[in-house]
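Visitor: I would like a close look at one part of this protein, and a plain account of it is enough.

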Amino acid sequence: MSKKFKVVVAGAGPGGCIFARDLARTGIDVTVYEKGEYETMGHDWSDAVERKALSEVGLDVPEESTKNTGALVKKPGAKDNAGKIFEEHAYPDMEAWAPDYSCRKMIKFRYITTDRRALGKLLVDQARDAGAEIKFGHEVVDIVISGGSTLGNVTVCGVKVKNLATGEEAEVSADVVADDTGFKARLRTKLPTATGIADEFNRKEFANVHRTVRRRNKEVNDFFIDHYRYGYHTGYQWVQFLNDEEIDTGAGVRADPANPDPKDIVAEFISRHPSISDNVVRGGQGLCLVGRSPCSLVAGGFVTIGDAAGQTIPMTGCGAGGAMAGGKFAAEVVLRAAEEGKNDIAALWPYNWNWFVGSGRGANYAGLTALRNILQDLSHEDISFLFRKDIMNAEMLSASINGSFTIPDLQTMVQTLLRGISRPALLIKLNKATTLGTKILKHYREYPRAWDPVRFETWRAKAEDLFGKTQ
Ligand SMILES: Cc1cc2nc3c(=O)[nH]c(=O)nc-3n(C[C@H](O)[C@H](O)[C@H](O)COP(=O)(O)OP(=O)(O)OC[C@H]3O[C@@H](n4cnc5c(N)ncnc54)[C@H](O)[C@@H]3O)c2cc1C
């Protein structure tokens with residue numbers, strides 16, 4: 001049965017490649033259409049990627065080191081490309097600084113700095129080696145639909161693909177179509193509106209991020225430690241050593257014309273640190289999704305993965321790990337469906353449940369979205385106050401940056417009240433954020449286990465109502 005089952009993937013990002021690789025390994029017929037080229041996969045810089053996600057998809061991740069300065073992890077010997085994807089720096093702990101530099105905390109940073117070009121190519125190689133066909137220079141321009149227009153009765157049965165070199169278009173049929181086209185969600189947004197999952201992400205759900213990798217000027221004695229400046233201009237600003245020769249620095253702000261250009265924030269930081277030279281090695285700027293997932297990641301014959309599915313950590317916009325995890329979960333479910341010869345929404349539904357509940361990711365990200373929505377407009381002064389009073393403590397910061405929502409216990413609530421007593425308006429805002437975040441987290445943990453249109457509609461309406469209160 002699985003040999004006859006045909007899967008088409010749009011986009012060869014981390015999510016699409018893992019999905020294609022895992023299905024192709026079982027003998028399923030998988031074709032990936034990617035509008036870009038092999039040489040330009042990923043980003044022209046190194047990203048912080050979740051260690052857990054990298055290990056879960058089978059990559060050999062170097063051990064965490066115990067210190068945080070200088071070159072810590074040697075790139076391990078290359079038994080395959082996996083050995084070449086990590087920067088020397090382990091990045092195990094990190095200092096989080098208040099926006100006004102008045103206070104700093106050591107937090108756990110469960111990421112590893114990963115060369116995104118090398119990772120992008122490695123994942124393509126793995127999918128291809130597993131038997132997936134990867135067609136570069138091909139853009140998926142539409143989906144082919146049969147059935148009705150609601151989530152329960154629509155079926156995606158293929159795609160329209162354009163060969164970008166010749167301009168030729170062709171229709172390709174498939175049992176399952178996967179959208180891994182990034183935050184523009186090119187295929188999901190072509191589903192009928194009545195499905196309730198076809199909306200584009202809105203402008204408020206993006207951060208504008210700039211990063212630059214510079215040669216280190218070793219002549220200058222201007223030592224600083226890796227750090228995140230948390231809450232700076234509605235986002236964050238960071239610096240880290242990549243290795244002995246190179247420094248990576250950048251900033252992200254909520255995408256809003258009222259905010260400064262992150263490039264200027266970075267330029268200002270560099271102007272204060274002469275050890276960061278003008279010699280640019282790599283880098284770039286772009287939008288980073290910090291929005292929430294649609295309420296379902298599946299429809300008949302359809303799954304969505306990665307940024308297209310909102311699988312990014314709301315506090316940081318880190319989405320490479322979420323995309324790989326999403327690709328893995330989706331493949332497990334599509335494989336089971338293929339074994340049963342099914343592709344309807346009920347057969348694909350377990351992917352929703354795994355994402356939102358089983359893995360804990362979706363529920364935690366939803367809770368964090370509430371925090372982000374309510375707290376993102378806090379002033380530098382307010383955030384610095386929360387740092388100094390340890391209301392924003394190391395544990396809470398570690399959890400949120402690593403993608404977990406912490407439900408405050410009674411002791412924490414009392415401490416917060418006592419420490420923040422001089423700022424009642426701030427406390428009220430904080431209380432609203434944690435209360436709604438907790439309610440949303442708990443609501444997501446009750447996500448319907450199986451497809452049931454009536455139960456799902458009730459669940460969805462309550463989720464929308466809760467998120468509405470965070471605006
Ligand atoms: C400046 C910046 C910094 C970032 N920093 C980090 C970080 O430190 N850590 C982290 O984890 N994440 C980071 N991210 C986010 C991360 O890049 C994404 O979350 C991640 O790449 C999403 O993976 P994906 O599988 O959704 O696919 P994507 O990487 O979004 O790739 C989508 C692919 O689909 C292709 N495509 C699009 N439309 C079509 C179509 N119609 N037909 C065919 N192909 C199509 C594209 O060419 C692309 O190759 C950053 C993003 C930016 C912009």
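Visitor: Which element gives the largest share of the lining of the second largest pocket, and how many residues does that share hold?

Guide: The largest share comes from α9, with five residues. This is a predicted model, in which local features need pLDDT of at least 70 and side-chain atom pairs count only at pLDDT 80 or more, while totals for chains, interfaces and linings use all residues. Residues are numbered from 1 along each chain as its sequence is written, and side-chain values use heavy atoms, without hydrogens and water.

The second largest pocket (an open set of points on a 1 Å grid over the protein atoms alone, where a 1.4 Å probe fits, with protein on both sides within 12 Å along at least five of seven lines) holds about 960 Å³ of space. Its lining (residues with an atom within 4 Å of a point) counts 41 residues. Nearest the centre of the pocket are L371, L375, M392, M396 and L430.

Helix α9 (394-401) is one of several elements, counted as DSSP runs (helices H or I, at least four residues; strands E, at least two), that each supply at least two lining residues. The helices α7 (361-375), α10 (410-419) and α11 (424-445) do so too, as do the strands β13 (227-232), β14 (235-241) and β15 (246-254).

By residue type, the lining divides into 23 nonpolar (Ala, Val, Leu, Ile, Met, Phe, Trp, Tyr, Cys and Pro), four charged (Asp, Glu, Lys and Arg) and 14 polar (the others, Gly among them).

As for its place, domain 1 (204-289) and domain 2 (366-445 + 457-468) both give residues to this lining, so the pocket lies between them. The domain bounds come from an automatic or database assignment.

Conventions: Grid points are joined across faces, edges and corners, and a volume is the space filled by probe spheres set on the points.
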